[in-house]
Amino acid sequence: MLIRSQSKEVLVNVDNLAGMELEEAMTTPVIACCNSGCAYVLGKYSSRERAKKVLDMIQEVYSDFEASKIISTGLAAAAWAGDYDTPENAAGVVETLKEYTEVIKGAMVFQMPNDNEVKV
């Protein structure tokens, strides 16, 4: 999964991050991450609560993304193995895989919300 910064100038791969944290930079709560020795500010927020809410949002999207990958992989493996005995069953699996593909594509990039978009 990728995360795009508020400024849209930073794009990071979550799988390559050493970590992500909420920091108090000059009294402004920021969400920052570390990757290969470099630190990146992903978003600035007006309160610690809003920044924590954004971390919750990232956690939820990442969990959904990973779960969707696991489920779609299992469905695809079953379809390729011929576990579906009728063309109708196979067609249903193909349609379900297409739906999971859309979910995964939608969750592949998390756009850091602006401060006014975060409801606490």
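Student: How many salt bridges does a search of the whole structure find?

Tutor: Happy to help! A salt bridge here is a side-chain nitrogen of Lys or Arg within 4 Å of a carboxyl oxygen of Asp or Glu. This is a predicted model, where local features need pLDDT of at least 70, side-chain atom pairs count only at pLDDT 80 or more, and totals for chains, interfaces and linings use all residues. Residues are numbered from 1 along each chain as its sequence is written, and side-chain values use heavy atoms, leaving out hydrogens and water. Searching the whole structure gives a salt bridge count of 2.

Student: Which residue forms a salt bridge with Arg 48?

Tutor: Side chains of opposite charge can pair when their charged atoms come close. For Arg 48, the closest N and O atoms of the pair are 2.9 Å apart. Arg 48 is partly exposed at 39% relative accessible area (buried is under 20%, exposed over 50%, partly exposed in between, with a 1.4 Å probe and protein chains only). Its partner is Glu 24.

Student: Asp 115 and Arg 50 also form a salt bridge, so how many residues apart in sequence are the parts that the pair ties together?

Tutor: The closest N and O atoms of Asp 115 and Arg 50 are 3.7 Å apart. Asp 115 lies in the segment after E6, while Arg 50 belongs to helix H1 (helices, H or I, of at least four residues and strands, E, of at least two are DSSP runs, numbered from the N terminus). The parts tied together are therefore separated in sequence by 65 residues.

Student: Is Asp 115 buried or partly exposed?

Tutor: The relative accessibility of Asp 115 is 22%. On that value, Asp 115 counts as partly exposed.
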